[in-house]
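User: I am new to this structure and would like to understand how its descriptions are reached. Could you take me through a few of them with care?

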Amino acid sequence: MARKVTLRVGYQNNLSSETRTIPDDEPLPWDATTELRVVGKPVPRVDARAKVTGQAKYTHDVKLPGMLYGVIVRSPYAAAGIQSIDIAAAEDLPGVRAVYVLDRRRVRFQGHEVAAIAADTPEQAEDAARAIEVAYAPGPFVVDFEMAMRADAPVVMEGGRAAAGGRVRVQGGIRLVAAAWADDGPKQNSNVFGPAKRSLFGSNRGDVPHAVQIADEVIEQEFRTPVQTHSCLETHAAVAYWEAGRLIVHCGAKSVTKARAELADYFGLSHTQVHVVNTFIGGHFGTKSSSLPYAALAARLAKQTGRPVKIALSRKDEHLVGGNRPQNRMQVRVAGMRDGTLAAVELTNYGSAGAGFGAGASGPFFSIYDCVHVRAADYDVLMNTGPSCAFRAPGHPQGAFALEVAIDMLCARLGYDPVEFRLRNSCERTPWRAEELRIGAERMGWHDRRDPMPAAQDGPIKRGIGVANSVWYSVYSPGAQVEVQVNKDGSVIALTSTSAPGAGSRTVIAQAIAEELGLEPHQIDVRLSDSDYPYSPAPGGSRLTSTVTPPARQAAYRVKQRLLSYAARKLEVGPDTLSLQPGGMVVSQSGKRLTWAETCGLLPGGKTVALGERAEDYSGPSVSFSRISMGQDLIAGVQFAEVTVDERIGQVRVDKIVAVQDCGRVFNPLLAESQLQGGIINALSFGLFEERVMDGLEGRMLNPDFLFYKIAGPREMPQLDTVFLNVYHGQTNTDARNLGEPAKVATIAAVVNAIYNATGAWVTQLPITPGRVLAALAERDRALEANVRASKARARA
Amino acid sequence: MKGKKTDPAASAAHNPDLSSGLTRRSFLKGAGVGTAGLSALHFSPLVTQVEDRPEIPPLLGPSPVPVRLEVNGRTYTVNVEPRLTLADVLRDHLDLTGTKVICDRGACGGCTVLLDNEPVVSCMQLAIAAQGKSIRTVEGLAQGAEQLDPLQEAFITHDALQCGFCTPGMLMSCRALLDRTRQPTLDEIKTAVSGNLCRCGTYPHVFAAVLAASGQEPNLVKE
Amino acid sequence: MQRFAYTQPHTLAAATAVLAQYPNGTIKAGGVDLLDLLKERLVTPEIVVDISQVPECQGIRLDADTGALRIGSLTTFTQLAASAVVQEQWPALAQVAGGAATPQIRNQATLGGNLCQRPRCWYFRQEDYPCLKKGGQQCFALEGDNRSHAIFANQTCAMTHPSGAAVPLLAYAASVHVIDPKKGGQERLIPLADFFLSPEQDVRRENVLTSGEVITAIRVPRPAPKTGSVYLNLKHKQSFDWPIVEAAVVLVPSARQSDSRPENIVQEAHIVLGSVAPTPLRAARAEAVLQGNLITEAIADQAGQAATQGAAPLALNGEKIPLLAELVRRAVLKAAGKFPYADEVMSL
């Protein structure tokens, strides 16, 4: 039941033919030469109108009759025992309908949930939350990364060493994130765990110590990055109510299917008794992967009161518990030969995901360079701070910052041009990277404008340009399904459970189906985020377009076959002689035709339905985990940065970013540009401004707001020049890959390398504050003086 | 904090003028115009008394009081506590949820509305203090259900939104800019939205949309 | 925020009467800082007196006799920045007003409110920290994270004064008109130089106003002819950020011209520093460097260095010293019209 097809794959003029075996009922895959009508075109997003009119309903906007407002009472301490909780005063306040106290005797970070209340108005709920009297016994805590690693540091999770056989078993507010820390994970040494035994992104190879020993030049450098909070504009939120024993939850969790399982488990219900939905999500960037505990608490309070209860986290709470990018301290070694060969790369990374796991940063070290000798070790350090979770390219903006700046340090030492070095060392696994480097260098004017001597200009205002590579993976979720319904009146509905936090999932699904059916994308009513719909995963790992467009197209193809069979009977021709033309017109080889409406009118019932399913890539995965696979190919990108540095005030202005990015087939260049720009901007914000500041005195976050927590705004925007390179792999019927995460990986390294080109100073710690730039410039001046002294000494000798 | 302390409204309740929310001056004015006319009022000894000893305006709340707001050309009266912000009242009491509360401290522009045609952050504005002013929200941009504002059209065409949560605030800041500057420069656009945060990073497309909506070349953003 | 009763007088007389009747009423003007304090429950008033509609506190007027400027305390930053007369004669004031916070906040925030703002110290702004300013026993910033705190006069409380407008106003020798409802609403004039309190004077307050007192207007004397003035700040981020350091420089050139005293010799210099001390800080040493001198790069450099003399940085704010020196240097050169670079990576 399979057939062989020959597909054109590759990029630009570098196309070749590959034979793939595909199932019989799979549509002929689109390849590099397929002419498409709506896919690959700048189609405006299909849900934009709702968003510009204020009609788009986010969870924050849901208001149900009789709805109560819930507030979660949270620990103001980083570590404390809970001695008692007195709710009497709160219960007596006007409007208070229910109080729920969590079964928790210890809190391990500021913001850890303690109790929840529901009242008639948000103001009453806020007043009542403050009236709950919790007697805490504050204990020793650690919120400083260096201190957490010391042997005498307060232990964040005591159970780790003995009770759980050396492994931490966590429940409730602390989530296990990395697969590397599963049951066979490394043992705990105080707050330090590691090294991780395996990484999602690669493994050690070659013989690093030997390669370093025989290398001509070796760079050893430490890099540090801060905690970045997701800062989704819509905070985590849920509205829950019970109806005839069923729990219905409007919830901003990006996977309604996972939320359903979590809530069913929490309340001991069958999955049929829990219904989770949402319509729009105000950003996720990796967080919002769980409905716990906020949605469960809303459901608890709803159960107690018999009324709908809404809980929406405050901005402060979102900063404290909404997830974050771990902080990292990365010791990097890169070794090179005079001929420009990268001999070895090595990473020792200590990262902290707070009271959680998953602070690895080794991905770029395994994946960007072809280098044969690679070794990386990731350690997790626990602290009494809100746990991290996945954040747009986990580990990669940090890892790429460290690696790509170290590579430029090596280039400077070897006297090698950074673009040439990357052409030589990073284009074997991803040969199209060479084309990206060529395009980017040309658009930035690399060869004309880059003075190989850093700090070449006079005066305090310096300009420079720099480059960096990125990498990401062909992530997808096999088993994801999309249902397409064609109704008798010709209208089309697509159903699948993934959500719509802003990348354009509705639009790409509509495009895939519209292309197949000869319709326009706005004619496809794409309905998402309902746990009763066919399963597709949450956006995450940048897998959405790659995961959902093949089954969407397959389902459309299947309903099309069915419609054509009805048309064939009507027209008295063979189904094979029919084609579906733009506009949905069915045309036979003999010239007979039926309009879309006429064809759909032939349906015997009210509608016809087909399900498509994401299979593994045609060539199979390179790695496969429980819910995700990674294809054979990597996603490559390069970015160039142009900066101006005002040396006397340590101020950096990013003037321009040129980004050249592969994302497989570009499904929608308009939305893709938004994604790529968004990734770059988020990376700039991370590298230049953002930092969670923890107070070592009391263990609290000092900037849980947007007043002191700094996010790049409109005035920080450089000129953005984004270029896509379509790279065809012939792995699915749409051949789409992904974009959200790769966009964020290279930016900050390119900026730091440009700062070096401008000033001769290396910034090795983020964010790039004026103080850090001044310190780097002082370090440069000291090194120059030392050089001058050394050469004078040599001259005397 | 949790107990009920002295409630200023309780003492005001003994004075019908104060608790009803009707000021003595409005009462006098109504009486004057209705009975003896302006010239008579001018010589009324009561007026002299008012000018000598200025009237004390009514003390409202802390319990809910009627608040009259003119939003998108419609007049709404709601009964709310004086502590409620304009953003809270728009969202929770008038069901105008297009206006978003994001940082709740005036730093992100998500709750931007036009107050007498000027963009303000409605989370840092008491609803009770917004009485008598014209309020325009994102729901008031389009002319009816079908006819979008050209700025809204440009936002769609240039994909000036991703998750969409900052979009209403962005639109209001941009609308105010275009109302006072027909063809703003790129720099003026950046300044006009400099109080609006977007976490998806859609700023360049917002700039392009505003350029396009003002009849300029959207690709200026890239130069 | 905690519940409160609200009243909105529509004349100054009514406002005075209200405040006389409710001496503990908390005054609201634009409300930006007040709402922030209310939401954090740093203030929990029972009565809020909204003076935002008082006409006597509005408007910008030139005094025909003295040429002094009278700025109603309810003047918004947007109005201030847009005023032609302010731009022309008091440009440093227009500069601070046009670049502060965000466009939305500039439409709401008033000049009087800006002068009376509470500190932006992140320990003060969190209810969980019972700092000296809230009647507590310690300044957390001294031992804690003090990257944004004071480098001068920081032994007691390391706050920096939050008012940007105070920096140029002090350099222009402004005064504030204040009425005290308890004393029958009589207006008095307080030189801004006497307006702010150091933590040593009273750690609970930042200025001399007592409960119920209202700033009605700010009076700024007319600068001498050919005065050059500028306000500059350095922010990490331009869209919305707190300044790291601020400076206003007012240079009054020598009035009489002779061979020995060319016109652009500085007769009088006023330099005020912001975001470096618990009050806006007069930089007397830097002023002395300029007085009687022609502005050159070298002299500006000396003034910048002099401005940082006596600084005693805390553990994490040492970078403010070189940044302040450079900012003052640039402000001096700009005020003298001698700024040498075509481009710089800073803007208001």
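User: Where in chain B is B:Pro62 placed?

Analyst: In this predicted model, B:Pro62 sits in the loop that runs between helix H5 (45–52) and strand S1 (65–71) of chain B. The peptide bond that joins B:Gly61 to B:Pro62 is cis, with an omega of about 5 degrees.

User: Which residue does a cis peptide bond join to A:Pro293?

Analyst: That partner is A:Leu292, and omega for the bond is about -5 degrees. A:Pro293 itself belongs to the loop between strand S15 (274–277) and helix H7 (294–305) of chain A.

User: Why is B:Asp159 called buried?

Analyst: The label requires 20 or more other C-beta atoms within 10 Å, and B:Asp159 has 28 of them, so B:Asp159 is buried. This residue lies in the loop between helix H7 (150–157) and helix H8 (167–180) of chain B, and its phi is positive, about 50 degrees, although B:Asp159 is not a glycine.

User: What makes C:Ala153 partly exposed?

Analyst: C:Ala153 has 19 C-beta neighbours inside 10 Å, whereas buried begins at 20 and exposed means 12 or fewer; C:Ala153 therefore counts as partly exposed. C:Ala153, too, has a positive phi of about 50 degrees without being a glycine.

User: Why is A:Arg198 described as partly exposed?

Analyst: Its count is 14 other C-beta atoms within 10 Å, which falls in between the limits of 12 and 20, so A:Arg198 is partly exposed. Although 179 residues separate A:Arg198 from A:Ala377 in sequence, their C-alpha atoms are 9.2 Å apart in space.

Note on methods:
Residues are numbered from 1 along each chain as its sequence is written. Chains are lettered from A and ligands numbered from 1 in the order in which they are written. This is a predicted model: local features need pLDDT of at least 70, side-chain atom pairs count only at pLDDT 80 or more; totals for chains, interfaces and linings use all residues. Helices (H or I, at least four residues) and strands (E, at least two) are DSSP runs, numbered from the N terminus.
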